[in-house]
Amino acid sequence: METGTSGKASSLRWKILRQAILRKPNDEQSEIGIKRITRKTKQGFNLLPCHLVDDPSHSSDVTVCYTLPIDSAPKLYLTQRMVDHAELSDFEICNKYNIDNTGLVCQWPSEEVLAYFCLSHADMFRSKRVIELGSGYGLAGLVIAAVTEASEVVISDGNPQVVDYIQHNIDANSKAFGGTRVKSMMLHWNQNEISNISSTFDLIVASDCTFFKEFHNGLAQIVKFLLGKVQPSEAIFLSPKRGDSLDKFLEKIKENDLRFSLKENYDAEIWKHHTEFMNGAVSWPSYQKDHCYPLLIRITV
């Protein structure tokens with residue numbers, strides 16, 4: 001019998017699987033188009049224009065083209081899962097590696113916000129070694145690689161299925177990266193055998209990675225492990241509060257002798273979209289600040 005945090009994580013994953021199996025088909029699920037893919041859980045901040053480039057009606061995957069809103073920026077092509085596609089093997093892998101399945105579930109809205117933030121603050125990445133944690137399909141990491149002139153970008157996730165998608169997307173966009181070295185990495189936050197990358201990164205980025213409390217300590221420890229000890233370095237997290245989940249994570253940050261700052265209004269365009277959702281000027285029926293709007297957390301040694 002499973003006990004402790006691994007048992008809680010397993011229980012939650014099987015609850016999600018049960019909901020997916022019992023979900024009844026409806027008209028919306030049968031539509032062909034952008035609503036069927038996992039990009040935004042049917043809603044998002046709409047900061048990066050995108051469109052489908054293939055017919056998703058006969059495949060469990062779909063390719064989406066992102067047009068970055070700056071002059072001369074390359075288009076990025078991401079292959080990702082359809083929103084209504086899940087397999088039993090997904091959850092078997094989650095249990096085998098003690099990981100969650102969120103990287104396959106969708107392209108979460110916070111990932112789009114992180115990608116836009118990195119695009120808008122490209123100078124901070126120039127000539128830096130960067131790693132994205134819990135990357136999902138890798139949108140933010142690919143944006144960093146394509147437009148910021150970073151020296152190296154590592155796009156990581158703890159789920160081997162997700163890492164396969166990341167590598168596919170790196171290969172599909174390789175001509176967009178210029179002189180930036182880009183690679184995928186399977187990285188579990190409780191992983192011990194990673195001494196070869198200790199203290200090697202100038203910047204860590206992550207979005208919406210603080211939801212599962214059982215992973216908080218491992219996430220805090222991996223941040224401390226990866227940040228450079230000699231040169232100035234920091235981790236940039238964009239995460240909604242989600243009840244007390246973010247607060248609990250920040251407690252672990254302090255317990256690991258790391259420092260942090262928290263900012264609510266950190267980008268004019270992102271804040272504009274947020275306020276429009278809050279006052280109803282733009283429709284997002286289920287929008288709640290606590291669960292949808294990512295705060296900016298900057299973590300240093």
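User: Taking contact to mean heavy atoms within 4.5 Å, which residues does His-216 touch, not counting residues up to four places away in sequence?
Analyst: This is a predicted model, and in it His-216 is found in helix H8. Once residues up to four places away in sequence are set aside, the residues that His-216 touches are Thr-210, Ser-245, Lys-248, Phe-249 and Lys-252.

User: Is His-216 buried or exposed, and what is its relative accessible area?
Analyst: A residue counts as buried when its relative accessible area is under 20%. His-216 falls below that cut-off and is therefore buried, its relative accessible area being 1%.

User: How far apart in space are His-216 and Ile-253, C-alpha to C-alpha?
Analyst: Ile-253 lies within helix H9, which covers residues 245-255, while His-216 belongs to helix H8. Although 37 residues separate His-216 and Ile-253 in sequence, their C-alpha to C-alpha distance in space is 8.6 Å.

User: In what order do the seven strands of the open sheet stand?
Analyst: The edge strands, each of which pairs on one side only, are S6 (181-186) and S9 (259-263), and the pairing in the sheet is mixed. Ignoring direction, neighbouring strands are turned by 20 degrees against each other on average. Read across the open sheet, the order is S6-S5-S4-S7-S8-S10-S9.

User: Which residue in S7 stands opposite Glu-132?
Analyst: Strand S4 (residues 129-133) pairs with strand S7 (residues 203-207) in the parallel sense, over four bridges. Glu-132 lies in the S4 range, and the residue opposite Glu-132 in S7 is Val-205.

User: What angle does the direction of helix H8 make with that of S4?
Analyst: Helix H8 (residues 216-226) packs on the sheet, where it touches S4, S7, strand S8 (234-239) and strand S10 (295-300). What covers the buried residues of H8 includes not just strands such as S4 and S7 but also helix H9. The direction of H8 makes an angle with that of S4 of about 170 degrees.

User: Which three residues touch the most other members of the largest nonpolar core?
Analyst: In soluble globular proteins, nonpolar side chains tend to be buried together. Here the largest nonpolar core has 82 residues, and helix H6 (residues 139-147) gives the most to this core, with eight residues. Phe-237 has contacts, beyond its neighbours within four places in sequence, that include Ile-204, Leu-219, Val-223 and Ile-297. The three core residues that touch the most other members are Leu-133, Val-223 and Phe-237.

User: Why is strand S3 described as largely enclosed, and how many of its six residues are buried?
Analyst: Strand S3 pairs with strand S2 (residues 61-66) in the antiparallel sense over six bridges, and in this pairing Val-62 stands opposite Gln-80. S3 (residues 76-81) is largely enclosed by the rest of the structure because, of its six residues, the number buried is five.

User: At the start of helix H7, which residue has a side-chain oxygen that reaches to within 2.9 Å of the backbone nitrogen of Gln-161?
Analyst: Helix H7 (residues 160-172) has 13 residues and reaches 18 Å from its first C-alpha to its last, close to the 18 Å expected. Gln-161 is one of the buried residues of H7. The residue whose side-chain oxygen comes to within 2.9 Å of the backbone nitrogen of Gln-161 is Asn-159.

Terms used. Residues numbered from 1 in each chain as written. Predicted model: local features only at pLDDT ≥ 70, side-chain atom pairs only at ≥ 80, totals over all residues. Heavy atoms only, no water. Pairing = 2+ DSSP bridges. Helix = DSSP H or I, 4+ residues; strand = E, 2+ residues; numbered from the N terminus. Axes fitted to C-alpha atoms, helices over the stretch in contact; angles between N-to-C directions. Contact = heavy atoms within 4.5 Å. Buried < 20%, exposed > 50% of the residue type's maximum accessible area, 1.4 Å probe, protein only. Expected span 1.5 Å × (residues − 1). Polar contact = N/O pair within 3.5 Å; in protein donor to acceptor, adjacent residues only side chain to side chain. Core = buried A, V, L, I, M, F, W, Y, C linked by side-chain atoms within 4.5 Å.
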